[in-house]
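Visitor: I would like to learn how to read a few local features of a model. Where do we begin?

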Amino acid sequence: MLRGSLLGTAWMTSLSVRPYLISRAVDDGLRTGDTRALALWVAAIVVAGMGLSYLGIMRHRTMTFIREDAKARSAAVVLRQLSRVGAALPRRTAAGEVATVGGTDIDRAAQVLTVTGPGVGAVVAYVVITVVLWSISPLLALCALVGVPSVGLAVAPLLGRLERAESVYRQQQGELTARSGDIVAGLRVLAGVGGRGLFARRYAARSRDLLVEGYRVGSVNSWIDAATVAVPGLFLAVVVWLSARMAVAGDISVGELVAVYGYVATLVVPVWFLLEGGHQLIRGRVAARRIVALLAVTPDDVGGQRATPARADAATVPGSRQPAGSAAPVAAPGGTTDLHDPSSGLTVRAGRLTAVAAADPADALALADRLGRYTVSDATWGGVPLTGVGLEQVRARILVADHDAHLFAGTLREMLHGARPDGGDHERIAAALHAASAEDVVDALPRGLDTPLDNRARSLSGGQRQRVRLARALLAEPEVLILLDPTSAVDAHTEARIAERLRRARAGRTTVVLTTSPLLLGRADRVAYLVAGQVTATGAHADLLDRDPGYRRLVARGDADADAEQALR
């Protein structure tokens with residue numbers, strides 16, 4: 001920053017050197033007819049131009065480095081914050097807000113730092129040129145002293161309007177981005193209940209509102225851009241008119257007239273930088289507020305120990321270092337033991353397949369967070385408070401696997417290998433793929449398991465990606481596996497195979513499946529019906545269908561959605 005300020009100051013003050021050299025060439029060479037003096041002054045002008053070009057290049061390179069370095073550092077800070085907040089992030093901040101902070105706000109905040117170099121140089125150049133003009137004419141110097149602040153006063157009200165309009169626009173943009181993400185994530189559900197058209201119309205209406213707000217921002221921006229060019233131009237015209245009258249009256253020489261024009265034209269450059277800097281500062285302040293708001297989000301306190309990032313990519317089972325000053329963790333229960341959640345009344349029996357059918361998907365997600373210790377709760381594990389157990393032990397033995405967990409770029413083998421520290425042998429991989437009914441995914445790839453896939457495996461269909469995630473979770477072989485709607489994107493035939501094979505693959509180990517699929521519910525040892533966050537009924541799937549009308553309606557709705565989707569296909 002200091003180097004940029006020095007280079008910016010040297011560059012801007014050097015802009016006033018050439019008008020002086022040109023004035024000397026006019027007075028000492030052209031007016032007197034001295035060819036030798038003219039040649040010397042012209043050579044000095046060329047040398048000054050080369051030096052000025054070098055300073056300009058170095059200033060620009062330095063400012064570019066500052067901007068890109070600031071963007072990289074800011075992005076690193078934001079990414080560390082997202083990792084620190086982990087599973088609490090979706091509950092505290094909309095996905096659209098995170099996207100706009102990372103995609104736009106960081107860039108705008110970094111742009112502000114590039115104002116420092118030319119900004120300091122602009123102030124110094126303003127002072128230097130005013131002093132030089134004073135040596136020629138106090139009247140012209142007075143015009144410069146009064147004119148430049150007048151330019152700032154003329155544009156200041158527009159900058160205030162821009163800050164207000166920009167704040168509203170950025171807020172609406174984040175909300176619309178979040179809405180679009182929600183619609184895409186729930187597209188299957190919306191199609192099943194016939195709500196796709198309704199949400200599309202609402203999204204279009206919000207888009208039009210954002211468009212109108214964008215025009216407001218653009219209107220203010222256009223006035224600022226126009227004023228940035230026009231007001232300094234008017235200032236230049238006034239000073240040149242005054243200096244021309246003084247030259248006609250004989251108060252200044254022709255060379256000094258040329259010099260005055262050059263000085264004032266040079267002064268337009270720092271004035272423009274100051275106005276542009278004010279413009280960027282307004283936008284940067286709006287962006288910085290949003291970045292700081294994201295950095296102010298705090299992670300959930302999971303029993304006084306640091307939470308790990310992400311609720312659950314099955315590819316990694318991260319641990320966490322015990323922070324200083326926290327209570328010493330208690331030992332995890334040995335062997336296979338029950339999990340109990342007092343908030344809902346659910347008890348997960350060790351070594352059995354338990355299914356949970358929730359009337360509200362948010363209740364199912366909250367239950368998974370409590371059982372996986374991604375939020376503070378009174379859940380117990382073998383009678384021991386789950387929040388008291390060392391977080392490393394919880395993460396190593398209890399895995400919460402989302403149906404849309406992230407898939408990192410790499411070969412399919414590498415995606416599955418990440419689930420096990422030892423990489424997993426071929427037989428285990430084949431068994432996990434079979435249980436997830438994903439053999440056809442491997443067969444369809446040109447190089448099988450060694451086929452490279454891009455980030456999120458976008459070349460695979462939604463159902464294929466979901467089965468790969470399930471295979472990855474099974475290959476991790478956790479003591480307790482909690483699956484969130486693992487078959488929402490597959491057809492009924494594939495779902496039936498997964499339901500049968502999942503039961504065999506997890507025999508003797510504790511498994512919790514949160515779903516409303518009758519195929520999965522029918523294979524569970526025990527089904528719990530969750531209403532308003534509370535378990536209202538438990539039993540076998542067939543028994544609940546017979547004696548609980550609410551459960552029957554929930555499961556029947558799932559059948560209707562599946563049938564409707566099959567018909568659309």
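Guide: Begin with helix length. The expected span of a helix is 1.5 Å times one less than its number of residues. Keep in mind that this is a predicted model.

Visitor: What span should the 15 residues of helix α16 have, and how far apart are its end C-alpha atoms?

Guide: Helix α16 covers residues 462–476 and should span 21 Å, because each residue counts for 1.5 Å. Its end C-alpha atoms lie 22 Å apart, which agrees. Helix α16 is also mostly covered, with 13 of its 15 residues buried.

Visitor: Which sign does phi take in Glu477, just after α16?

Guide: Most residues other than glycine have a negative phi. Glu477 has a positive one, near 50°. Glu477 sits in the loop between α16 and β9 (480–484). Its relative accessibility is 35%, so Glu477 counts as partly exposed.

Asp485 is not a glycine either, yet its phi is positive, about 45°. Its place is the loop between β9 and α17 (492–505). Asp485 has a relative accessible area of 30%, so it is partly exposed.

Visitor: How many aromatic pairs does the structure hold?

Guide: A pair of aromatic rings is described by the distance of the centres and the angle of the planes. The structure holds one such pair. Tyr529 and Tyr551 meet edge-to-face, 5.6 Å centre to centre, with 80° between the planes. Tyr529 is in strand β11 (residues 526–531) and Tyr551 in helix α20 (residues 549–568), 22 residues apart.

Visitor: Are these two tyrosines buried or exposed?

Guide: Tyr529 is buried because its relative accessibility is 7%. Tyr551 is buried at 0%.

Key
Residues numbered from 1 in each chain as written. Predicted model: local features only at pLDDT ≥ 70, side-chain atom pairs only at ≥ 80, totals over all residues. Heavy atoms only, no water. Helix = DSSP H or I, 4+ residues; strand = E, 2+ residues; numbered from the N terminus. Buried < 20%, exposed > 50% of the residue type's maximum accessible area, 1.4 Å probe, protein only. Phe/Tyr/Trp six-rings, centres within 6.5 Å; stacked < 30°, edge-to-face > 60°.
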